[in-house]
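This report describes selected features of one protein model, from its overall make-up to individual residues. Please consult the sequence and the structure shown here while reading.

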Amino acid sequence: MMKKGLLAGALTATVLFGTCAVDVPGIISPKTAEAASQLTDGIGGRAYLNSTGAIFVTKIQLPSSIQVSNGTAYIYSGFSGGTESDIGFQYSDKYNVWKPYMKVGSKGQDQVQYLEGGSQFTNTKGFRPGSTVQLTIYKNLNGNTRATYWGTNNAGYNGRLISEISKTNVGSISKWKALATVATTGSRQSIKSNFSTSFTNITIDNKAITPVIDTQDFAKVTVSGNSVSLSVVKN
């Protein structure tokens, strides 16, 4: 189970700001240096996206191989601000697939409705390791938060999954995010991990957004244009 401390996206150490004429509350300066922050209930990398827009689109390259013990791997995006969300993938070691994951505010995975593709991408099925998935997140669509995944499942099926949490009524937000993490309910020191992922061609409301590196906690985060790569390695 994912602990709130890891997935709430709260900073656990001071973010270093570069020289900036004006600091806008809730927005990280584009000149932010690599922060020496630490995720409280696990390890991983995080980048923020300075946009308050409503529709997030990216292509996520799922790891072709993964080694994780004493924790659960997640790759996800979402928005931060008045309401915190975590939307993306949770790795299932049992089935060797990446399962869809969604949490908005206090509403978690148990309140997700699958409007399309549920039988192809949930239960014993999920997104195939090594495949590319296009993820679109709608912050507020008629009062609901929706995620659309286009990808390939472990049986070779290509198609769309639509997941939604109803009545979230998300208002203003401060930013978006991209993360690769390993969460644990035990000691973070016992975690072992080796996997990499990337978010490419990130747009929010059809505008290319350059990620800003925030956290590298047993992780390497690399930004190139409106794309970001994250590797989580701990022996």
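Which backbone oxygen does the side chain of Thr184 reach? In this predicted model, the side chain of Thr184 reaches the backbone oxygen of Asn70 at 3.3 Å. The side chain of Thr184 also reaches the backbone nitrogen of Gly186, at 2.9 Å. Thr184 is located in the loop that lies between strand S11 (173-183) and strand S12 (192-204). Because its relative accessible area is 8% and buried means under 20%, Thr184 counts as buried.

**Overall composition**

The protein has 235 residues, of which 51% count as buried. Its secondary structure amounts to 2 helices and 16 strands. When contacts between residues at least 6 apart in sequence are considered, 71% of them join residues at least 24 apart. The accessible surface is about 10,300 Å², and carbon and sulfur atoms account for 48% of this surface.

**Strand S2 and its partners**

In a regular strand, side chains alternate between the two faces of the sheet. Strand S2 (residues 55-61) shows such an alternation. Phe56, Thr58 and Ile60 point to one face and are buried, whereas Ile55, Val57, Lys59 and Gln61 point to the other face and are not buried.

S2 pairs with strand S8 (residues 132-141) in the antiparallel sense, over 7 bridges. Within this pairing, Val57 stands opposite Thr136 in S8. S2 is also joined to S12 by 5 bridges, and these two strands run antiparallel. Here Lys59 is the residue opposite Thr200 in S12.

**Two residues in other strands**

Ala208 belongs to strand S13 (residues 207-208), and Val212 belongs to strand S14 (residues 212-217). Ala208 counts as exposed because its relative accessibility is 56% and exposed means over 50%. Val212, by contrast, is buried, with a relative accessible area of 8%.

Apart from neighbours within four places in sequence, Ala208 is in contact with Ile202, Thr203 and Asn226. The table lists one pair for each of the two residues, with C-alpha to C-alpha distances.

| Pair | Separation in sequence | C-alpha to C-alpha distance |
|---|---|---|
| Ala208 and Ser227 | 19 residues | 9.2 Å |
| Val212 and Arg46 | 166 residues | 8.7 Å |

Val212 and Arg46 are thus 166 residues apart in sequence, with their C-alpha atoms 8.7 Å apart in space.

Notes. Residues are numbered from 1 along each chain as its sequence is written. This is a predicted model: local features need pLDDT of at least 70, side-chain atom pairs count only at pLDDT 80 or more; totals for chains, interfaces and linings use all residues. Side-chain values use heavy atoms; hydrogens and water are left out. Helices (H or I, at least four residues) and strands (E, at least two) are DSSP runs, numbered from the N terminus. Buried means under 20% relative accessible area, exposed over 50%, partly exposed in between (1.4 Å probe, protein chains only). Contact means heavy atoms within 4.5 Å. A polar contact is a pair of N or O atoms within 3.5 Å; within protein, one must be able to donate a hydrogen and the other to accept it, and residues adjacent in sequence count only if both atoms are side-chain atoms. Accessible areas come from the Shrake-Rupley method with a 1.4 Å probe; for residues, only the protein chains shown count as cover. Two strands pair if DSSP finds at least two bridges between them.
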